[in-house]
Amino acid sequence: MNTLCYKTLEEQNYQGYLLKDAPERILQFGEGNFMRAFIDYFVDVMNEKTDFKSKIVLVQPTGRHTGPGSITHKLNEQEGLYTLYLRGFEKGKKVNDKRIISCVSRCLNVKEDYAAVMECAENPDLRFITCNTTEAGIVYDPACQFTDTPPSSYPAKLTQFLYRRFKTFGQNAGKGCILLACELIEENGKALKKCVLDYAKQWNLEEAFLNWIEKENLFCSTLVDRIVTGYPKNEADSLNADNGYEDSLIDTGEVFGSWVIEGPDSLKKELPFEEAGLPVLITDDHKPYKQRKVRILNGAHTSMVLGAYLAGQDIVRDCMDDETILNFMNKTIYEEIIPTLSLPEEDCKEFAFAVTERFKNPFIDHALLSISLNSTSKWRARVMPSLQGYVDKFGKLPTCITASFAFYLAFYRGTELTDEGLIARRSNGDSYTISDDKQVLEFFYAHKDADAKELVHDVCANTEFWGSYLSKLPGFEAEVANMLDMIESKGAYALMKKCC
């Protein structure tokens, strides 16, 4: 088969949307599966539905992989084209959508092509910079120098890039950039801007550059939400055979997608996502939407999966086919989490309905044990705020959230500490490995022989885990101890039934 490229599609008389030529208005640091199934998909649809008509230059930000097998080489060989499949449930129907993405013009490797990356700063058409350099990407490293080519940290590279643009267009209004950070950290846009300003000061760059950063550039914090499953290794051969071309960059993800961008209302004109009918919201405050995602989506996972695993389930989708587990999850979301949120109730319910559909996705086998990793910090960040909010609002304990803490304690009842983690068993005899911070595993191992009441008290009083709140919450310890006793005598499934 021929490799996917514009000529191959022309020979096939391909009738789908393609944009072969357009100005390079976007620079994207991050060439991985997520960005190609998320940002690049949105841009591609926006190109088709509006007059945005922009190409994206991708940058492989670490430069670790080079040569013929690298994604940079593959993208350029395929002229920036790749096939994206978005699959799942939407409005009660199974969805399997295929689209050839054509908004990418080329890909640059930051080590091999750094001069070419920097040359993009002199492109008068450039307006947007997007990035996803992982949670560790937005970091200020004072070892980075202005003369490094390239410096190790992404913000240092970006500072060099923006300085080059300032030297080229600094006298021209409107030639700054709109920066859209997609890393999974708090206030990602503000954190990135701070790093850039720190480098500018460390490198003694002129005051006029600092003023230009503030006046002509917009650093937007954003919230991204889509599960991307990446290259479908087991399906690739059959998909390529069906398509009639060889695509080594096939990408897959769930059909659900949501992008919340914190920025001024004027940004809606420059980025016409709404006109294109895309699930992208531009708002002056992204925090309520992050709260909704963390507490409903992530909170539902964390509240449900440990109990469901102890009850004998292994993947999320199968949990949605179990009436008891589904009812437990829905009661947690609709009766105990949503009442504590600041967004309108109907918006939260609509989001919650989408969450249930996402959990039913027939194309994703999301293992409960994978979600269980680091459950201590997850419970504190994702569930504990809902517990506190519910008690503050109603003056009583939320039944299902309280039960989720009992499930957490039962799940962490390990008996053997190894280099891999804490080994425990569920009621059917299957062993599993608990993965968490070392001090957490050592704490639970030291309490392996404690009775329910003692374990609950010592965990709730551990301020390193939770702060002081859980140990002071009226009635919480006693109720959790009773629930833990029930799990150990009758099983996790019995407690779920009782809660519902």
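This is a short walk through the structure, one selection at a time.

**The whole chain**

Start with everything shown as a cartoon, and keep in mind that the model is predicted. You are looking at 23 helices and 14 strands. Turn the view along the principal axes, and the C-alpha atoms fill a box of roughly 70 × 55 × 45 Å. The radius of gyration is 25 Å, and this agrees with the value near 23 Å that a compact globule of 500 residues would have. If you colour by accessibility, 55% of the 500 residues count as buried. Contacts in the protein also reach far along the chain: among those between residues at least 6 apart in sequence, 75% join residues at least 24 apart.

**The open sheet**

Next, select the strands of the open sheet, which has 8 of them. Reading across, the order is β5-β2-β1-β6-β7-β8-β10-β11, and the pairing is mixed. Why is one side of β5 and of β11 left without a neighbour in the sheet? Both strands, β5 at 104-109 and β11 at 280-283, stand at the edges and have a single partner strand each, so nothing in the sheet flanks their other side. From one strand to the next, the twist averages 20°.

Zoom in on the β5 edge. Residues 55-60 form strand β2, which pairs with β5 in the parallel sense over 5 bridges. To see one of these positions, pick Leu-58, whose bridge partner in β5 is Cys-107.

**Across the sheet: helix α6**

Now add residues 154-169, which make up helix α6. This helix lies across β1 (24-29), β6 (128-131), β7 (178-181) and β8 (218-225). Relative to β6, α6 runs at about 170°.

A good residue to pick in helix α6 is Arg-164. Is Arg-164 buried, exposed or partly exposed? Its relative accessibility is 28%, so Arg-164 counts as partly exposed. Show its surroundings, leaving out residues up to four places away in sequence, and you will find Arg-164 touching Met-118, Glu-119, Ala-121 and Glu-122. Try a distance label to Glu-122: the two residues are 42 apart in sequence, yet their C-alpha atoms are 7.4 Å apart.

Before leaving this region, step back to the loop between β6 and α6, where you will find Pro-150. The peptide bond leading from Thr-149 to Pro-150 is cis, with omega near 0°.

**Helix α7 and the turn after it**

Select 188-202 for helix α7, a run of 15 residues. From first C-alpha to last it reaches 21 Å, close to the 21 Å expected at 1.5 Å a residue. Its buried residues are Asn-188, Gly-189, Leu-192, Cys-195, Val-196, Leu-197, Tyr-199 and Ala-200. What covers them? The cover includes β6, α6, β7, α8 (207-216) and β8.

Just after α7 comes Asn-204, in the loop between α7 and α8. Its phi is near 55°, a positive value in a residue other than glycine. With a relative accessible area of 67%, Asn-204 is exposed.

For another backbone of this kind, jump to Glu-79, in the loop between α4 (71-77) and β3 (82-90). Glu-79 is not a glycine either, and has a positive phi of about 55°. Here the relative accessible area is 33%, so Glu-79 is partly exposed.

**Into the core: helix α17**

Finish with residues 399-411, helix α17. It has 13 residues and spans 18 Å between its end C-alpha atoms, close to the 18 Å expected. How many of its residues are buried? The count is 12 of 13, which leaves α17 mostly covered. Among the buried ones are Phe-405, Tyr-408 and Leu-409.

Those three also belong to the largest nonpolar core, which has 78 residues. Together with Ile-296 and Phe-444, they touch the most other members of that core. In soluble globular proteins, nonpolar side chains tend to be buried together.

For a last stop, centre on Leu-409. Apart from its neighbours within four places in sequence, Leu-409 is in contact with Phe-444, Leu-455, Val-456, Val-459, Val-480 and Leu-484.

Terms used:
Residues numbered from 1 in each chain as written. Predicted model: local features only at pLDDT ≥ 70, side-chain atom pairs only at ≥ 80, totals over all residues. Heavy atoms only, no water. Core = buried A, V, L, I, M, F, W, Y, C linked by side-chain atoms within 4.5 Å. Buried < 20%, exposed > 50% of the residue type's maximum accessible area, 1.4 Å probe, protein only. Contact = heavy atoms within 4.5 Å. Pairing = 2+ DSSP bridges. Helix = DSSP H or I, 4+ residues; strand = E, 2+ residues; numbered from the N terminus. Axes fitted to C-alpha atoms, helices over the stretch in contact; angles between N-to-C directions. Expected span 1.5 Å × (residues − 1). Rg over C-alpha atoms; globule rule 2.2 N^0.38 Å.
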